[in-house]
Structure formats: C-alpha cells, structure tokens
Amino acid sequence: MEKDRKEGIRGMANPGRYGIERVAYWLMRITGLGLLAYFIGHIYETSSLLDGKAAWNSMLELTQTTEGHIFLALVIGMCVFHTGNGIRLMIAEAGFGFGKARRPDYPYTPSSLNMKNKLCIYVSIGLAALAMMYGLGVMYDV
Amino acid sequence: MSSIMRESHIMKIHYLTALVAVGFVIIHIMVRVMQGFSDSLLFDNVIANYKSIPYAIVLEAMLILISVHGFNGLRIILLEIKQGRVYENAVTYGCLAAMIVLIAYGSRTIIMASMGMV
C-alpha cells in the first residue's frame with residue numbers, strides 16, 4: 001500500500017497491474033492520439049489535390065507501398081478499437097452494465113470492472129483485428 | 001473552454017461528435033469501397049466526389065466533427081497529466097486554436113475542389 005502511494009501517477013498508469021481495463025485505458029489514449037495524427041496527415045495529404053494531378057499522384061504513391069498499406073491497416077485497427085471501446089465507455093458512463101449497488105466488502109472488487117466490460121474490451125480488440133484483415137484484403141484486391 | 005462551458009457539457013459534445021462522426025466515416029469508407037478502392041483514388045474520381053454537393057457536405061461535417069472530438073480528446077489527455085490554472089488555459093486555448101486552423105485548412109480544400117478551382 002505504501003509502495004502504491006509512492007509510485008504516484010506511474011503506479012496508476014501501470015498497464016501490467018490492473019488487468020485488461022488499464023490496458024484498454026492506454027490503448028484508448030494511444031489510438032486516439034494516433035488517429036488525430038493520421039487525421040491531420042490525411043487533411044494535408046488531400047490538400048495536394050489543389051496542386052494538380054501530378055502532385056496528387058506523387059502523394060498517393062506514398063500510401064501505395066507495402067509500408068503504406070500496413071500503416072493504413074493499423075489506422076483501421078485503431079479506428080475500430082477506439083470506436084468499440086468508446087461506445088463501451090459511453091454506456092458505462094450512462095450507468096449501465098454495473099449491476100446493482102452493494103456494500104463494499106473484502107476483497108473490495110470494483111463492480112465496474114466486471115466480466116461484461118472485460119468482454120466488451122476483448123470484442124473491441126477482436127473486431128479491430130478482423131477489420132485490419134478486411135482492410136488489407138481490400139487494399140491488396142484479394 | 002472549461003471556464004466557458006461546464007465539463008459535463010463538453011463531455012456530452014465529445015460523445016455526440018463521436019457517434020455522428022462514426023456514421024459519416026462509414027459513409028466515407030463505403031463510397032471508397034463501392035467505387036473500387038484503387039479506382040476511387042484516381043484524381044478525376046476524387047475531384048468528381050468533391051463536386052457532388054451532398055458528399056462535400058458530408059466531408060465538411062466529418063472535418064468539423066472529428067476536429068472537435070480529436071482536439072477535445074487531446075485536451076482531456078493533457079489535462080490528465082498536469083493541472084493548474086495557467087496550464088489548463090494554455091492547453092484549452094491551444095487545442096481550440098489548433099482545431100480552428102485544421103478546420104480552416106481542410107475547408108479550403110473542400111471548397112476549392114468542389115468549386116472546380118483545381
């Protein structure tokens with residue numbers, strides 16, 4: 001307990017300690033930042049349209065490589081996870097999926113961290129993986 | 001922003017922009033996939049997409065919704081890391097300014113391409 005307090009924000013943020021919920025906490029922030037960075041890049045990329053066909057084609061060539069396709073597949077995965085987990089968080093914040101309020105008894109398991117929420121996180125990760133595979137299939141015309 | 005608006009209202013906007021943006025992103029992706037992914041990215045096809053007014057409106061709406069959601073998300077992450085009146089104001093107004101710049105830059109592309117100024 002004493003050690004927990006000394007760790008401060010690092011202890012709270014440790015993804016290895018609090019199970020899949022803390023992993024989801026990190027993934028939500030990392031995917032959010034990744035998607036914002038992609039969005040800014042996408043706006044810049046599409047602005048090359050205004051410089052004519054040659055500029056558009058040369059910009060497009062950057063994404064028409066294996067690395068470009070892998071990057072886009074990652075963007076698809078980030079988008080699907082962020083959406084799935086975001087919907088879970090909205091539902092949770094509305095107060096659904098926690099069960100009934102009860103007296104906090106030992107071992108003080110938080111009712112918010114239940115199987116329903118854990119399942120939603122795993123489903124979001126699974127859907128993200130499937131979407132990435134589908135996206136790669138579309139990009140490679142499989 | 002927090003001094004202008006209550007955080008609970010900002011979170012409602014955050015969730016609402018997310019849900020509506022998901023709908024528009026699905027339309028955006030469906031348009032690309034239905035035209036054939038590679039063909040849909042040809043210069044003439046992209047310009048034709050922009051010249052379709054309903055689709056240009058979808059793009060503009062998506063630009064605004066995702067910018068508001070994205071930069072508010074960034075603000076929330078940055079406010080989790082550190083607190084303090086000066087820092088919070090700097091983060092809030094910095095994100096607001098970046099959001100306005102991005103919307104203006106993206107809108108310029110949408111307006112010029114849809115009006116054929118390419």
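Which residue follows α5(A), and what is the sign of its phi? Colleagues, I shall answer that directly, noting at the outset that this is a predicted model. The residue is A:Gly95, and its phi is positive, near 95°.

The helix before that glycine is α5 of chain A, which covers residues 66-93. Its 28 residues reach 40 Å from the first C-alpha to the last, close to the 40 Å expected at 1.5 Å a residue.

I turn now to the surface. A nonpolar patch there is formed by A:Ile87, A:Ile91, A:Phe96, B:Leu16, B:Leu19 and B:Val20, with about 560 Å² of accessible area together. Two elements give two or more residues to this patch, namely α5 of chain A and α1 (7-34) of chain B. The largest share, three residues, comes from α1(B). One member, B:Leu19, lies in helix α1 of chain B and is partly exposed, with a relative accessible area of 46%.

Let me close with chain B as a whole. Its secondary structure comprises five helices and zero strands, running α-α-α-α-α from the N terminus on. The radius of gyration of chain B is 17 Å, well over the 13 Å that the globule rule gives for 118 residues, so the chain is more spread out than a compact globule. Along the principal axes, the C-alpha atoms of chain B fill a box of roughly 50 × 25 × 20 Å. Buried residues account for 39% of the 118 residues in this chain. Among contacts in chain B between residues at least 6 apart in sequence, 73% join residues at least 24 apart. Finally, the accessible surface of chain B comes to about 6,400 Å², with 75% of it belonging to carbon and sulfur atoms.

How values were computed: Residues numbered from 1 in each chain as written. Chains lettered and ligands numbered in written order. Predicted model: local features only at pLDDT ≥ 70, side-chain atom pairs only at ≥ 80, totals over all residues. Heavy atoms only, no water. Helix = DSSP H or I, 4+ residues; strand = E, 2+ residues; numbered from the N terminus. Expected span 1.5 Å × (residues − 1). Patch = residues over 30% accessible without salt bridge, like charges linked within 9 Å, V, L, I, M, F, W, Y side chains within 5 Å. Areas by Shrake-Rupley, 256 points an atom, 1.4 Å probe, with all protein chains shown as cover. Salt bridge = Lys/Arg side-chain N within 4 Å of Asp/Glu carboxyl O. Buried < 20%, exposed > 50% of the residue type's maximum accessible area, 1.4 Å probe, protein only. Rg over C-alpha atoms; globule rule 2.2 N^0.38 Å. Contact = heavy atoms within 4.5 Å.
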